[in-house]
Amino acid sequence: MSSRKIILPIVAGLAATAFSGIGAAHHSFAMFDDSKEIVLTGVVKEFQWTNPHTFVQLEVKGPDGAVVEWSIEGSSPNGLARVGWKRASIKAGDQLAVTINPLRSGEHGGNFVQAKFPDGRVLTRRAPEAPAAGAPQ
Amino acid sequence: MNASHSRVGAVRSFIGVAGCVLALGLGSLVASGAEAASAPPNWTGIWTRVGSLNFDPTIPGNKNEDFPYNAKYKEFYDRIIAAEAKGLAINDKSADCQPPGIVRMMAMVYPMEIIQTPGQFTIIAEWEGQIRRIFTDGRKHPEDPDPTYNGHSIGRWEGETLLVDTVGILGEGIINDHGAPLGEQVHVTEKWWAEGADTLKNEITVESPDALLRPIKAVKTFKRRTDIQIMEYICTQNNRNQTNAEGVTGIELKKR
């Protein structure tokens with residue numbers, strides 16, 4: 001069991017690397033800090049199922065009670081549809097805990113890593129069983 | 001036993017030869033020009049890349065590649081790499097929805113569709129809906145063609161290998177995802193062949209004599225896919241990643 005605990009983060013790391021290959025298509029992802037992950041909990045204002053990238057507009061209440069809107073960029077519908085997403089996978093009004101790689105600038109934006117619904121469902125940017133298309137073979 | 005079998009064998013051989021002759025005859029009726037000599041293999045279908053989006057797909061996508069740049073372009077590339085390390089992409093024209101250009105396009109971030117018709121080998125890249133028409137009808141390049149993103153391509157079959165030559169390529173293009181630059185002069189040659197029914201290889205050689213000290217070469221691998229379709233990709237639909245006044249890729253926050 002202890003070996004499994006070690007292996008899992010490595011596999012996760014490879015998957016992230018593979019994805020960065022896919023995501024870097026339309027533009028460089030240098031603006032996102034992929035060494036950092038933060039979790040935002042809030043309500044979806046809008047889900048943009050559009051090319052070249054999808055966006056989750058998430059309203060997040062800060063500790064002071066003020067609501068801040070975050071722009072969370074995801075892969076294209078082309079990439080996500082092939083791993084099982086649909087245009088209604090995320091809807092306005094959904095409560096989500098979204099994990100992102102934040103913008104290095106500190107502004108309210110980031111790159112989508114995964115989203116967790118209150119019922120425990122998790123949306124990732126690649127199907128668990130899908131081959132790592134961006135990984136070297 | 002041997003006598004009767006050899007007679008059957010002889011009959012079968014005759015039928016086989018006759019069939020071949022017939023097939024060749026029909027082939028020459030439908031084929032024309034350069035393709036008449038022998039039927040080329042049929043690679044019509046949808047294909048996806050194997051490996052990373054680097055020029056050499058065996059190099060992981062998060063690694064920068066080394067290219068034999070001259071001093072001027074090495075200085076430019078070094079600046080690009082240094083900026084990238086600080087989170088600033090400064091040679092990222094596709095962020096503004098510019099087509100990737102032939103060299104970077106052939107990394108094939110999304111699937112491609114190959115359509116073979118008499119006299120033409122067509123590649124449709126899902127990314128940016130880019131189309132390459134490779135003329136296999138024996139024509140030559142035009143004299144002094146106007147430069148375009150994907151250039152002017154002519155191809156010829158040598159047995160089961162497709163040899164492609166592309167000129168008239170727009171200058172200052174990009175080699176890979178990291179913004180590695182090309183010069184004003186670019187010439188691309190490709191050698192395509194199949195390994196089995198479902199694997200396609202493309203050995204691509206890029207010359208850019210005003211930027212690269214020698215040609216660079218890589219082999220791309222593609223797998224046949226019968227489980228997916230080509231989808232629409234219109235970059236200007238909702239592009240929130242345009243470059244700013246300093247040419248740095250950004251993100252438009254809070255749109256709409």
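**Exercise 1. Is Arg104(A) buried, partly exposed or exposed, and what relative accessibility does it have?**

Work this out in the predicted model, and then describe the salt bridge that Arg104(A) makes with Asp33(A).

*Solution.* Begin with the accessibility: the value for Arg104(A) is 42%, and since partly exposed covers what lies between under 20% and over 50%, Arg104(A) counts as partly exposed. Next, turn to the partner, Asp33(A), which has a relative accessible area of 10% and is therefore buried. The side chains of these two residues meet in a salt bridge, with 4.0 Å from N to O. Finally, place the pair along the chain: Arg104(A) sits in the loop between β4 and β5 of chain A, while Asp33(A) sits in the loop between α1 and β1, so that the bridge links distant parts of the chain, 71 residues apart.

**Exercise 2. Which strands of chain A hold Glu69(A) and Lys45(A)?**

Compare the setting of each residue as you answer.

*Solution.* Locate the residues first: Glu69(A) belongs to strand β3 and Lys45(A) to strand β1, with their positions 24 residues apart in the sequence. Their side chains meet in a salt bridge at 3.0 Å, N to O. As for their setting, Glu69(A) is buried at a relative accessible area of 11%, whereas Lys45(A), at 40%, counts as partly exposed.

**Exercise 3. How many residues of chain A are in contact with chain B?**

Go on to describe the interface and its salt bridge.

*Solution.* Start with the count, which is 40 residues of chain A in contact with 46 residues of chain B. The area buried between the two chains is about 3,200 Å², and carbon and sulfur atoms give 54% of it. On the side of chain A, the residues that lose the most area to chain B are His26(A), Asn51(A) and Arg82(A), which together make up 20% of what that side buries. One salt bridge is counted between the chains, and in it the side chain of Arg82(A) meets that of Glu126(B) at 2.7 Å, N to O.

**Exercise 4. Where in chain A is the pLDDT below 50?**

State how this should affect your reading of the model.

*Solution.* Take the whole chain first: the mean pLDDT of chain A is 81, and 74% of its residues reach 70 or more. The pLDDT is nevertheless below 50 over residues 1-23, and also over residues 129-137. Where pLDDT is low, the predicted coordinates should not be read in detail.

Technical notes
Residues are numbered from 1 along each chain as its sequence is written. Chains are lettered from A and ligands numbered from 1 in the order in which they are written. This is a predicted model: local features need pLDDT of at least 70, side-chain atom pairs count only at pLDDT 80 or more; totals for chains, interfaces and linings use all residues. Side-chain values use heavy atoms; hydrogens and water are left out. pLDDT is the predictor's confidence in each residue, from 0 to 100. Contact means heavy atoms within 4.5 Å. Buried area is the accessible area (1.4 Å probe) that two parts lose on being put together, summed over both. Helices (H or I, at least four residues) and strands (E, at least two) are DSSP runs, numbered from the N terminus. Buried means under 20% relative accessible area, exposed over 50%, partly exposed in between (1.4 Å probe, protein chains only).
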